[in-house]
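This report describes a metal site, several helices, a strand pair and some side-chain contacts. The sequence and the model are shown first.

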Amino acid sequence: MSILLTGIIVAALSLIVIVFVFIKRKEITCMTGMMVAMALGMLVGLTGGLQVGILYSGNLFFSTVLGTGIGLLAGFLAGLPVSIMAMMDGVLSGIMGGMMGAMLGEMISPEYQHSMIRVMLVIFVGMILIVLYMLQQETGFNRLSFMNKVFHNPLLLAVAFLLFFYTYNRLYHELDQNNHTSIKNSPMNYSMTNHKLSVSPLNSNAKLRKVVIEATEFAYFPKDFKLTIGQPVALIFKNSGEMEHDIAFENMKASLLQQSGHGNHSKNQTVHIHSLPGKTAEMTFIPIKSGVFRFYCTVPGHKESGMVGFVEVS
Ligand SMILES: [Cu+2]
């Protein structure tokens with residue numbers, strides 16, 4: 001949902017630029033047209049690519065295709081009304097921006113994803129304002145217009161900028177609470193129902209569920225499973241590989257009962273288990289928040305190699 005909000009802002013601002021270029025296409029020089037198309041293609045590609053990279057993390061091919069597609073389209077539409085050269089400039093910049101954005105979204109560690117989106121949006125909005133200002137100067141748009149006055153009043157501009165980001169941040173934070181809904185759109189989700197659960201009751205009276213997750217080089221088995229809210233779970237993390245692996249659950253809230261084994265640690269009710277090669281570690285916790293949560297290996301490069309999965313808490 002928070003990604004959707006950012007997407008809407010990016011799409012709305014891009015549309016304003018494209019419509020502006022289209023209306024004033026006769027007065028825009030080729031040089032300015034190229035500059036505008038390049039800026040828009042690159043910015044939309046980067047911001048859009050970053051978001052699809054995060055949304056479809058684990059599938060770099062899909063996010064790259066989608067990211068470059070978004071950037072290419074924005075650059076194409078901004079450049080087309082002015083000249084072929086501007087269009088080409090826009091398309092190429094869009095492809096480059098989309099590719100880089102998708103890679104950034106794929107590689108960035110989950111705790112910084114939301115900050116990165118916010119930083120990118122600040123850059124996006126700032127640059128689009130400069131592009132609009134440049135277009136307005138170029139086309140001699142009514143010099144006494146409201147927009148012109150706003151642009152020439154730094155104080156007003158700063159206040160408007162701050163107000164915009166304050167509102168955006170508040171909205172973003174609120175929507176982020178329903179973060180798991182965006183994960184539901186992931187292409188990996190379809191396999192959720194097809195997989196068998198390696199869960200067996202340890203003691204049917206105590207209602208403690210035992211869940212075994214095995215890690216090997218760059219895969220979890222099972223890679224998705226279900227938990228029940230309020231039911232204690234003994235999560236056994238078995239490392240059958242030749243490297244160190246861990247399992248970290250993103251945004252999953254749990255009350256921790258006990259933890260054993262080497263190197264386990266937990267902060268703020270998050271579940272994170274670490275296990276050395278050939279070793280098994282265990283943690284008992286009670287899931288307290290429903291939703292679909294992603295889990296992954298935090299060892300650099302492992303998530304990208306396929307150590308990602310989903311847990312559904314209901
Ligand atoms: Cu690993």
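Along the chain, the donors of the copper ion follow the spacing H-x51-C-x4-H. His245 sits in strand S6 (residues 245–249), while Cys297 sits in the loop between strand S10 (291–296) and strand S11 (308–313), so the pair ties together parts that are 52 residues apart in sequence. Coordination is by His245 (ND1), Cys297 (SG) and His302 (ND1), at 1.9 to 2.1 Å. Donors here are N, O and S atoms within 2.8 Å of the metal (3.2 Å for Na, K and Ca); water is not among the atoms, so sites may look incomplete. His245 and Cys297 are both buried, where buried means under 20% relative accessible area, exposed over 50%, and partly exposed in between (1.4 Å probe, protein chains only).

The model is predicted: local features need pLDDT of at least 70, side-chain atom pairs count only at pLDDT 80 or more, and totals for chains, interfaces and linings use all residues. Residues are numbered from 1 along each chain as its sequence is written, and side-chain values use heavy atoms, with hydrogens and water left out. Helices (H or I, at least four residues) and strands (E, at least two) are DSSP runs, numbered from the N terminus.

The UniProt record (unreviewed entry) places the feature "transmembrane region" at residues 6–23, 35–54, 115–135 and 155–172; such annotations may be inferred rather than shown by experiment. Two of these spans are compared below.

| Span | Helix | Strand | Distance between end C-alpha atoms |
|---|---|---|---|
| Residues 35–54 | 100% | 0% | 28 Å |
| Residues 155–172 | 100% | 0% | 25 Å |

The expected span of a helix is 1.5 Å times one less than its number of residues. For the 26 residues of H2 this gives 38 Å, and the end C-alpha atoms are 36 Å apart, which agrees. H2 is mostly covered, with 19 of its 26 residues buried. Helix H4 (residues 84–107) has 24 residues and reaches 35 Å from its first C-alpha to its last, close to the expected 34 Å. Its buried residues include Gly90, Gly94, Gly97, Gly98, Gly101 and Gly105. The buried residues of H4 pack against helix H2 (30–55) and helix H3 (60–79).

Ser14 belongs to helix H1 (residues 2–23) and counts as buried at 7% relative accessibility. Leaving out residues up to four places away in sequence, Ser14 touches Leu40, Val44 and Phe124, a contact being heavy atoms within 4.5 Å.

Strand S5 (residues 233–239) pairs with S9 in the antiparallel sense over six bridges; two strands pair if DSSP finds at least two bridges between them. Ile236 has Glu282 in S9 as its bridge partner. Six of the eight residues of strand S9 (residues 280–287) are buried.

How many salt bridges does the structure hold? There are two, each defined as a side-chain nitrogen of Lys or Arg within 4 Å of a carboxyl oxygen of Asp or Glu. One joins the side chains of Arg294 and Glu250 (3.1 Å, N to O). Arg294 lies in strand S10 and Glu250 in the loop between S6 and strand S7 (254–260), so this pair ties together parts that are 44 residues apart in sequence. Both Arg294 and Glu250 are buried. Lys24 and Glu27 also meet in a salt bridge (4.0 Å, N to O). Lys24 is buried, with a relative accessible area of 16%, whereas Glu27 counts as partly exposed at 41% relative accessibility.
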